[in-house]
Every structure is written in structure tokens, then in C-alpha cells.
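Here's a quick tour for anyone new to reading structures. Have a look at the picture first, then use the notes below to find your way around.

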Amino acid sequence: MSETIDSTLDERFADAMMGTFAPPLAFLDHGEGAYVWDVDGKRYLDFLGGIAVNSLGHAHPVFVEAVSEQAAKLAHVSNYFASRPQLALAETLKRISGAGDEGRVIFGNSGAEAMEAAFKLARLNCTGRRTRILTLKGSFHGRTMGSLSLTGQPALQKAFAPLVPGVEHIDPSLEALEAAVDETVAAVIFEPIQGEAGVVDLPEGFVARARELTTTHAALLIIDEIQTGVGRTGTWFAFEQFGVTPDAIAVAKGLAGGFPIGALVTFGEASALLQRGHHGSTFGGNPLATTVGGAVLGEIESAGLIGNAGRRGEQIRALVAGLGSPHISAVRGRGLLIGIGLTEPRAKELSSAALELGLIINAPNDHSIRIAPPLIVGDTEVDEFGRLFAAALASLDSSNDSAGAHS
Ligand SMILES: *Cc1c(COP(=O)(O)O)cnc(C)c1O
């Protein structure tokens, strides 16, 4: 019976939805905390959290109340008008990022839009011979033509050439950084941990050196905190852990816990670059999205979820390393943004096995597992993750054996 429903939905999906995504792993119906249920009533432990979006998990009372109350009050006004929640969220973002008195915030509706604003900021710093914008190979900054031009992945860009000119992708290495940054560079843009690449840490000293070189050459340091931001890595923003102050950060994903929003926060003098008429968005910063963002940040702060992210992250990293599995070559990332490197290209197989067992994890590439659970996870969820992940790993061995038996 349930199979009939499933296959019908899959067929309808294929017939109605643009073919841009792989067939869905499941049709989800509802969620609570760190759990989701599919249309057949199967329960999953959600250790992907909508890809680092569901900061408070699913159906958190603070989220539900913020959406419902503000929707019943004032959802949208044009940018000819302002609202208290918009102003309050901008002020909160300035405070928690340390953007300072000169700091400014512009809202959009997604990560890509935050990166579009970042791209414009970088372009505005192009003067005279200063024309080059540097990003990293393997990076991910979004799918719009502008943000895709920043993204350092030829496979994603190939079909859409010519891209927006002026962007160079350099190796994420200190040598490449030293060689590339001079007085012709307008901006250096990177993720403090490369999320889509499989949660890959930058080389030791990279972020600090990028700050020194950009300061020396009057280039902007723009940090894409879309996946790493709002508490996930154990501090409000990951850049704090590298002892630098950027010129701007892009924020999105977890900011409103599942309600669409994005923001660019500028620091210091960089705040004077984007001027009246330079940028805007119909929905960006509307009272509904900013109310939810404010409520989510408020809950992260008052419930101590940043500290929890740091501690649970350590706990999960230790647990994964402690499995001593021959399939695992590395455990990466910070806080609750965790990459698990595999010795063989079997990440998709492993994530499918986990899904079968009722655990949602993600394989951004063949050699990496990414987990990004809600910041609310506690002992129960971490223990359950440990059991299910170990079982999924064990299933790799049995499928190895059966493959061997058949060959
Ligand atoms: C997800 C992501 C983006 C793009 O965000 P969208 O909301 O999908 O447009 C950009 N940069 C990073 C680091 C991301 O993780």
C-alpha cells in the first residue's frame, strides 16, 4: 500500500518538477526536534538539518510562534517602509558579528543573494588597477550567475559560460594566496570551512594570512558564513576562531531556522561602499522573515545553543573517531558542521544505508559525509546517531562481502 503511494509521488515529481534535482530520497511530512517523518510514517533522525538550516530543529515552539504571530500582524511591506523587527535583526547582526558602530546590514532571501551583495561590494572596491576578485577552488557560493561565478567548481559552471568576468579561483593554499594577492586585488572571498566540498578545513594560518595580505593591499576580506554562521561552529561566526576581523560576512542558511532569509553584514569602512540605489530586493528584510530571524537568534543565545554546538560537535567527532572504522580516513570541521572523510568512494552508499536505517546524513561527494544537525541535539540524539551510523558503516562490509561473493 505505502509503496503504491510512494511510486505515485515519485512519478508525479518526475512529471511536474524541473529535472534539476536527483529523485527525492523521501517525501517528508512533518518534523519535531531533530526528527522528521515521511508520508509513510517512517521516522528519521535528521542529522543534516536541511543542510545547516534548521538551527532549532523542526517545529520549535519559538519558530512556530514567531511565524504565526507575525504573519497575523504584518508580513510584508515594501522597502519604502521599515519595521521594528527588521531594524532589530540588523542591530543584532551588528552586535553578534562585532561589525562595530560603522557596520551595516542589507537583507535578501537566500545565500546566493547575500553573495550577490558581496560580489557588488567587491566590485565597488575595484578602482584603477585593482580589478581582481579572488575565490577558492572547490568553493561554493551559490547558483545565481553572479554567485556561480564566485563558486570555484568548473563542473557547476560549465553549462553557463560566459560567467561574470573578473573572478579568479585560486588553490586553497598559503602558497597560492601569497602568490595571488597584490595591489591588483579588490577582494578575497572564501568560506572559513568549505561546506559543499565535504566540510573541508582551510590550511593552518590561511585565514589570518588572508587578512594580513588584504589589509596590506587595501583589498576586502569577505567571508562566506552562510553554512558556518549563527552558532553552528561553536561561536556566532567561524571567523572569530581565526582571530580576524573581516570587511564583510554573508549570512543565510541557519539565520531564520528554515524561513528564507539572507544578509550581508559589512564592517568598518567597507560599509560606505554600497550606496543608495546600488542594491535592493522586494522581499529582502520583510517583517515576517526578520521576526523569525530575530526569534531564532534570540533562542540560540538564551538557550546556550552555541556552547551546545561546540560541545556536541566534540562529542560526535570523538564518537566517530572512536569507532576506529577502516572506512574512515578523517573527521573534519568545527562544532556541529562535521565532515567525515572516507577511505573509499562509498559515501553515497553509506548515506543510503543510513537513510534505510532511519538516519539522515549527506554525501556531498563520493569521499565525504557531511552532518549538520540542529543546534538543539542532546545526549539522546547523539547516542542514537552513534548507533545508527555504526550500523550503516557495518552494512558497507556486508555489501562488500556480497559483492565479493557475486564476482
Ligand atoms: C548554501 C550556500 C550558499 C548558497 O545559499 P542558497 O541559499 O542556496 O542560495 C552559498 N554559500 C555557502 C557557503 C553555502 O553553504
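What follows covers the ligand site, a surface patch and one helix residue.

This is a predicted model, so local features need pLDDT of at least 70 and side-chain atom pairs count only at pLDDT 80 or more, while totals for chains, interfaces and linings use all residues. Residues are numbered from 1 along each chain as its sequence is written, and side-chain values use heavy atoms, with hydrogens and water left out.

**Around the ligand**
- Residues near the ligand (a heavy atom within 4 Å of it) include Ser110, Phe140, His141, Glu191 and Asp224.
- By class, that shell has three nonpolar, five polar and three charged residues; Ala, Val, Leu, Ile, Met, Phe, Trp, Tyr, Cys and Pro count as nonpolar, Asp, Glu, Lys and Arg as charged, and the others, Gly among them, as polar.
- A ligand oxygen sits 2.8 Å from a backbone N or O atom of Gly111, and a ligand oxygen is 2.7 Å from a polar backbone atom of Ala112.
- Over at Lys253, an N or O atom of the side chain is 2.6 Å from a ligand oxygen.

**Phe160**
- Phe160 is found in the loop between α7 (154–157) and β6 (167–170).
- Phe160 counts as partly exposed because its relative accessibility is 43%, and that label runs between buried (under 20%) and exposed (over 50%), using a 1.4 Å probe and protein chains only.

**Arg317**
- Look for Arg317 in helix α11 (residues 305–322).
- With 12% relative accessibility, Arg317 counts as buried.
- Arg317 and Gly333 are 16 residues apart in sequence, and their C-alpha atoms are 9.1 Å apart in space.

Notes
A polar contact is a pair of N or O atoms within 3.5 Å; within protein, one must be able to donate a hydrogen and the other to accept it, and residues adjacent in sequence count only if both atoms are side-chain atoms. Helices (H or I, at least four residues) and strands (E, at least two) are DSSP runs, numbered from the N terminus.
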